[in-house]
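Colleague: I'd like to learn how to read a model like this one. Could you take me through it?

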Amino acid sequence: MSKLQKIRVNRIQALTADSCAIYFKVPMKDREWHFSSGQYISLEIPLNGEKLRRSYSICTSPKLEKAGLLGRKKLVHLPGIAVKRVEGGKISTYLNSDLKIGDEIDLLPPEGKFTIPQPKPEWIGMVAAGSGITPMMSHLYHLLEESNSKVVLCYGNQSWKSVMFKKELEKLEEKYPDRFFLYHFLSREANQEKHPQVVYGRIKPSTAFKIIRKHSLEAKPHYFICGPADLIQATKKHLKEVREVEARRIHIEWFEAPDSKKEAVEKEVEESGSVHSKARVILGGETHEVDIPEGSRILDAVLAAGLDAPFSCQSGVCCTCQAKGEPGDFITDDCLSLSEDEIKEGHVLTCVGQVRRPEVTINYDV
Ligand SMILES: Cc1cc2nc3c(=O)[nH]c(=O)nc-3n(C[C@H](O)[C@H](O)[C@H](O)COP(=O)(O)OP(=O)(O)OC[C@H]3O[C@@H](n4cnc5c(N)ncnc54)[C@H](O)[C@@H]3O)c2cc1C
Ligand code: FES
């Protein structure tokens with residue numbers, strides 16, 4: 001089980017007026033910090049007497065980079081994240097306004113399942129909007145630099161000014177003209193100059209699909225989707241129901257739970273059928289007895305018992321708090337980032353999951 005570690009901020013790069021990239025210097029020999037493209041890092045920031053945890057996708061290549069001073073460059077691992085300020089957002093505002101180079105932050109090492117399947121697909125269609133570009137950047141560096149895969153990216157923003165990683169994407173387009181095809185969707189750009197790879201308006205899933213198919217022709221691309229919850233839901237629905245794309249070719253990273261899900265969660269707490277349970281909790285190689293009251297989220301009870309269980313978003317979207325028991329032991333309707341197969345095998349996201357049997361085992365170490 002991974003624990004929080006103090007990691008120093010090595011570089012901060014302004015991307016747009018309301019977003020920045022933050023790079024960390026991590027212990028080179030520590031394998032926990034090796035990551036795959038598409039994974040995320042969770043951080044904990046003390047703010048106004050509270051300790052707040054949030055997750056941020058890695059935007060850098062998983063390959064080691066050359067860095068150093070005065071020509072004495074050596075290979076180092078410099079994972080970076082990119083953070084867009086959300087209105088009224090506590091941590092995204094702090095990271096964009098107050099964080100300084102040299103500061104130390106408590107971080108959990110990389111994790112997450114929004115990764116590229118093996119063998120690498122011949123074609124990948126990406127649909128991203130706003131800060132949803134962050135995990136796609138890591139995928140792009142990895143796929144273009146280290147494989148032969150071809151990628152079509154449909155990337156939505158309000159205007160040119162709000163496009164994160166604009167220059168980096170242009171460089172990739174120049175370097176890989178036969179393997180990387182970028183389409184911008186701009187919903188509020190005043191200067192609507194005609195360009196074959198710019199669409200003025202929000203991303204429509206049907207338009208994105210047609211663009212991806214125009215390039216990939218008869219091939220069967222894998223689709224990677226990340227952005228606001230309504231874009232994810234609409235794109236997933238279109239791919240599954242209209243285009244009959246198999247679930248294994250649709251990969252999603254949720255940054256937030258959709259509103260419909262939040263309402264369902266409230267309702268479910270009342271109607272869940274959860275029971276009071278005596279749980280055996282396996283964490284960090286040790287076994288603990290924990291009482292989980294009826295109607296309680298598993299993580300709430302585990303933390304209340306004084307155990308240092310891993311968590312971040314606390315809304316069923318990141319999977320930091322994942323644990324496993326016996327199939328059928330848990331109420332898992334809100335576990336957005338678990339696959340149907342994982343749920344059948346007895347996995348649960350403990351921040352939203354509840355218990356439906358009086359005696360269960362909850363194993364965080366799997
Ligand atoms: C796996 C994962 C990866 C993520 N990767 C990134 C990333 O690469 N870059 C990035 O900028 N963010 C990313 N996020 C979102 C990030 O973790 C925070 O949720 C976000 O920065 C808002 O936190 P906050 O403390 O500023 O806002 P809060 O103080 O928690 O919330 C303030 C208000 O903003 C709303 N809000 C919360 N999150 C969002 C959102 N994403 N979009 C719009 N409104 C929101 C809330 O409903 C609330 O009304 C990721 C989330 C997850 C689960
Ligand atoms: S803490 Fe993110 S899914 Fe539970």
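Modeller: Happily; we'll go through the ligand shell, the core, a helix and some backbone angles.

Modeller: This is a predicted model, in which local features need pLDDT of at least 70 and side-chain atom pairs count only at pLDDT 80 or more, while totals for chains, interfaces and linings use all residues. Residues are numbered from 1 along each chain as its sequence is written, and chains are lettered from A and ligands numbered from 1 in the order in which they are written.

Colleague: How many residues surround ligand 1, and which are the closest?

Modeller: A residue is near a molecule if its C-beta atom, placed from the backbone, lies within 6 Å of it. Here 24 residues surround ligand 1, with G89, I91, S92, S131 and T134 the closest. β4 (50–57), β7 (80–84) and α1 (90–97) each give at least two residues to that shell; helices (H or I, at least four residues) and strands (E, at least two) are DSSP runs, numbered from the N terminus.

Colleague: And which residues have the most contacts inside the largest nonpolar core?

Modeller: Such a core is a set of buried Ala, Val, Leu, Ile, Met, Phe, Trp, Tyr and Cys residues joined through C-beta atoms within 7 Å. Buried means 20 or more other C-beta atoms within 10 Å of a residue's own, exposed 12 or fewer, and partly exposed in between, with C-beta atoms placed from the backbone. The largest core has 87 residues, and I81, M126, A128, M136, L153 and C154 have the most contacts inside it.

Colleague: Why do the buried residues of α5 lie on the same side?

Modeller: An α-helix has 3.6 residues a turn, so residues three or four places apart point the same way. In α5, the buried residues are L231, I232, T235 and L239. They cover an arc of only 100 degrees around the axis (taken from the directions from the helix axis to the C-beta atoms), which puts them on the same side of α5. The face turned away from that buried side carries the exposed residues K237, E241 and V242.

Colleague: Where does the backbone do something less routine?

Modeller: Look at the peptide bond from Q118 to P119, which is cis, with omega near -5 degrees. P119 is found in the loop between β8 (104–111) and β9.

Colleague: What about L217: is this residue buried or exposed?

Modeller: L217 is exposed, with 7 other C-beta atoms within 10 Å. Though not a glycine, L217 has a positive phi of about 50 degrees, and the residue lies in the loop between α4 and β13.
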